[in-house]
Amino acid sequence: MFAEPVAGGMYLQMGAVGKGAAAIFAGGLRKQGFPSFVAAGPSESQYRVLIGPLWDTVTYNRTKDALDRMGVNTFGRTYEK
């Protein structure tokens, strides 16, 4: 459930929240079939909920569209080394 993003991978980020909420969100997304996990966030008390890695634009767009239809707001980000 907790991992680091792969360098060069495209991800959709759901948000940056507390550790418990992040685990609940990622778990719910996994139950819906999305490859989600929790990663370190912008501060010690915030964790990112990420979906991916999404290695091609077709998969990225399909995943983004499915999340949008569910009402889950996300934005894209790519992680470098």
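## Strand pairing

β2 and β3 run antiparallel to each other and pair over 5 bridges. This is a predicted model. A hairpin of 6 residues makes the connection from β2 to β3. One bridge is formed by Ser 36, whose partner in β3 is Ile 51.

Strand β2 spans residues 36-40. Of its 5 residues, 4 are buried, so the rest of the structure largely encloses this strand.

## Nonpolar cores

The largest nonpolar core has 13 residues. Six of them touch the most other members: Leu 12, Leu 29, Phe 34, Val 49, Ile 51 and Leu 67. Three elements each supply at least two residues of this core: α1 (19-31), β3 (47-51) and α2 (57-70). Ile 51 thus appears twice in this account: as a core member and as the bridge partner of Ser 36. Another core lies apart from the largest one. This second core has 5 residues, including Tyr 11, Ala 39, Leu 50 and Tyr 79. As a general point, nonpolar side chains in soluble globular proteins tend to be buried together.

Which residues does Leu 12 touch, leaving out those up to four places away in sequence? The contacts include Val 49, Leu 50, Ile 51 and Leu 54. Tyr 60, Thr 63, Lys 64 and Leu 67 are also touched by Leu 12. Thr 74, Phe 75 and Gly 76 complete the list.

## Aromatic cluster

How many aromatic pairs does the structure hold? There are 2. In one, the ring centres of Tyr 11 and Phe 37 are 5.8 Å apart. Their planes meet at 75°, above the 60 degrees required, so this pair is edge-to-face. Tyr 11 sits in strand β1 (residues 10-17) and Phe 37 in strand β2, so the pair ties together parts 26 residues apart in sequence. Both partners are buried: Tyr 11 has 0% relative accessibility, and Phe 37 has a relative accessible area of 7%.

The other pair is Tyr 11 with Tyr 79, also edge-to-face. Here the centres are 5.5 Å apart and the planes are at 80°. This pair links distant parts of the chain, 68 residues apart. Tyr 11 belongs to strand β1, while Tyr 79 lies in the segment after β4 (75-78). Tyr 79 has 13% relative accessibility, under the 20% limit, so this residue counts as buried. Tyr 11, Phe 37 and Tyr 79 form one aromatic cluster.

## Charge over a ring

Lys 19 places its charged end over the ring of Phe 2. The distance to the ring centre is 5.4 Å.

## Loops

Is Gln 32 buried or exposed? Gln 32 has a relative accessible area of 52%, which puts it over the 50% cut-off, so this residue is exposed. Gln 32 is placed in the loop between α1 and β2. Between the C-alpha atoms of Gln 32 and Leu 12 there are 15 Å. Along the chain, these two residues are 20 residues apart.

Another loop, between β3 and α2, contains Pro 53. The peptide bond joining Gly 52 and Pro 53 is cis, with omega about 10°. In general, most peptide bonds are trans.

Conventions. Residues numbered from 1 in each chain as written. Predicted model: local features only at pLDDT ≥ 70, side-chain atom pairs only at ≥ 80, totals over all residues. Heavy atoms only, no water. Core = buried A, V, L, I, M, F, W, Y, C linked by side-chain atoms within 4.5 Å. Buried < 20%, exposed > 50% of the residue type's maximum accessible area, 1.4 Å probe, protein only. Contact = heavy atoms within 4.5 Å. Pairing = 2+ DSSP bridges. Phe/Tyr/Trp six-rings, centres within 6.5 Å; stacked < 30°, edge-to-face > 60°. Lys NZ or Arg CZ within 6 Å of the ring centre and 35° of its normal.
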